[in-house]
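User: I'd like a close look at one part of this protein, the largest pocket, please. Once that is clear, could you carry on into the parts around it?

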Amino acid sequence: MSDRPAHGWLSLAIATCPVSTLAPSATPKGREVPRSAGALRDYLAGRLAARCALQQAVPQVCPVSTQIGNDPKGAPYFLDHRAFLTITHDSGIGASAVSVEAVCGIDIERWQIFEEIELCAWGYPSPFIKSLAAQQRAPTSWIKCALWVATEALGKSLGSGIGIIPHTLQISSLERSPWAWQAHFTHFPHAVAYVWLTGSYMTGVLMHGYRLADPQELGDWLNAAFIRSSTLESGASCCAALLRHQSVELAPTPWLLP
């Protein structure tokens, strides 16, 4: 019999850090804090999202006093909590996933840039990408971004990022449904990644040993969160930072049921 919980929860948060928040007095100090304005915005947004997601996962904690460190490979972790943490950020938007039960990973990327990116080194030659795009009636940039985001989410869940042998993280199948893509992996059969088109971004969330009980619900929430984040980035809001958070139910993958 497995000692894993029959069901789990995944808490997510989206935060954005506009340029106006980067006042010198508000800039954190520390050896690990980036110095460029863009990197600092990403750092702050990611840390803000992580604290919010932790409070969702473990309501009794105080997010303000929560400390986040980085291991030797750069993977973030909570210094004073055992919950699993994963963070991603891009252009001042940070996203985080936290779970007490599941090892997880998250990644966001702007899909437009993948029009010029090739994934041959990852084992996905151009003819394969074009064939998959034709089958799914999707732009090749979407397919390439979905492969990248799912792979990056797996790397983050392992604490290595994509800095290991690319074929180790190879995707065995990428299936598209009305709500999202779903990816499975050659060397990690118990992992499943979900990838959603969220405005100008693609967002990928991965769990080991669990699946989302309602992927469409999370996709709808992510779309709303990114729309609000984009509104804030455009200057339509004077808020210092936008936080949206959500907890979603996880179910064990069928082949791991006790």
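Analyst: Happy to help; what follows starts at the pocket and then moves through the helices, loops, strands and cysteines. Please keep in mind that this is a predicted model.

Let's begin with the pocket itself. The largest pocket holds about 520 Å³ of space. Its lining is made up of 30 residues, and those closest to the centre are Gly-74, Ala-75, Pro-76, Ile-87 and Lys-156. Several elements give two or more residues to this lining: helix H1, the strands E3 (76–78), E4 (84–90) and E6 (104–110), and helix H3 (140–158). Strand E4 provides the largest share, with seven residues. Sorted by class, the lining has 12 nonpolar residues, nine polar ones and nine charged ones.

Two helices are on that list of lining elements, H1 and H3, and each deserves its own look. Helix H1 runs over residues 37–57, which makes 21 residues. From its first C-alpha to its last it reaches 30 Å, close to the 30 Å expected at 1.5 Å a residue. A good number of its residues are buried: Leu-40, Arg-41, Asp-42, Tyr-43, Ala-45, Gly-46, Arg-47, Ala-49, Ala-50, Cys-52, Ala-53 and Leu-54. You will notice that Arg-41, Asp-42 and Arg-47 are among them.

Helix H3 has 19 residues, which should span 27 Å at 1.5 Å a residue; its end C-alpha atoms are 27 Å apart, so the two values agree. Of these 19 residues, 16 are buried, so H3 is largely enclosed by the rest of the structure. Just after H3 comes Gly-159, with a positive phi of about 80°.

On the other side of H3 in sequence, there is a loop between helix H2 (126–136) and H3, and Arg-137 lies in it. Arg-137 also has a positive phi, about 50°, although it is not a glycine. Its relative accessibility is 80%, so Arg-137 counts as exposed, the cut-off being over 50%.

Now back to E4, the strand with the largest share of the pocket lining. The loop between E4 and E5 contains Ser-91. Here too phi is positive in a residue other than glycine, with a value near 55° for Ser-91. At 32% relative accessible area, Ser-91 is partly exposed.

Beyond that loop is strand E5 (residues 93–99), where Ser-99 is found. Ser-99 has a relative accessible area of 1%, so it is buried. Its side chain has two polar contacts worth tracing on your display. One is with the backbone oxygen of Trp-9, at 2.9 Å. The other is with the backbone nitrogen of Ala-102, also at 2.9 Å.

Further along the chain, there is a pair of strands to look at together. Val-192 lies in strand E9 (residues 191–198), while Leu-206 belongs to strand E10 (residues 201–208). Although 14 residues apart along the chain, Val-192 and Leu-206 have C-alpha atoms separated by 5.6 Å. Val-192 is buried, with a relative accessible area of 2%, and Leu-206, at 0% relative accessibility, counts as buried too. From Leu-206 you can also look towards Ala-183: these two are 23 residues apart along the chain, and their C-alpha atoms are separated by 9.0 Å.

Finally, the cysteines. Cys-17 sits in the loop between strand E1 (8–16) and H1. With a relative accessible area of 6%, Cys-17 is buried. Its C-alpha is 9.0 Å from that of Leu-48, a residue 31 positions away along the chain. Cys-145 is buried as well, at 0% relative accessibility, whereas Cys-120, at 47%, counts as partly exposed. A disulfide is a covalent bond between the sulfur atoms of two cysteines. The structure holds zero disulfides.

To pull the picture together: the pocket lining draws on H1, E3, E4, E6 and H3, with E4 giving the largest share. H3 is largely enclosed, since 16 of its 19 residues are buried, and in the loop before it Arg-137 is exposed at 80% relative accessibility.

Definitions and conventions:
Residues numbered from 1 in each chain as written. Predicted model: local features only at pLDDT ≥ 70, side-chain atom pairs only at ≥ 80, totals over all residues. Heavy atoms only, no water. Helix = DSSP H or I, 4+ residues; strand = E, 2+ residues; numbered from the N terminus. Expected span 1.5 Å × (residues − 1). Buried < 20%, exposed > 50% of the residue type's maximum accessible area, 1.4 Å probe, protein only. 1 Å grid on protein atoms, 1.4 Å probe; cavity = no way out; pocket = protein on both sides within 12 Å on 5 of 7 lines; lining within 4 Å. Points joined across faces, edges and corners; volume = space filled by probe spheres on them. Nonpolar A, V, L, I, M, F, W, Y, C, P; charged D, E, K, R; others polar. Disulfide = S-S within 2.5 Å. Polar contact = N/O pair within 3.5 Å; in protein donor to acceptor, adjacent residues only side chain to side chain.
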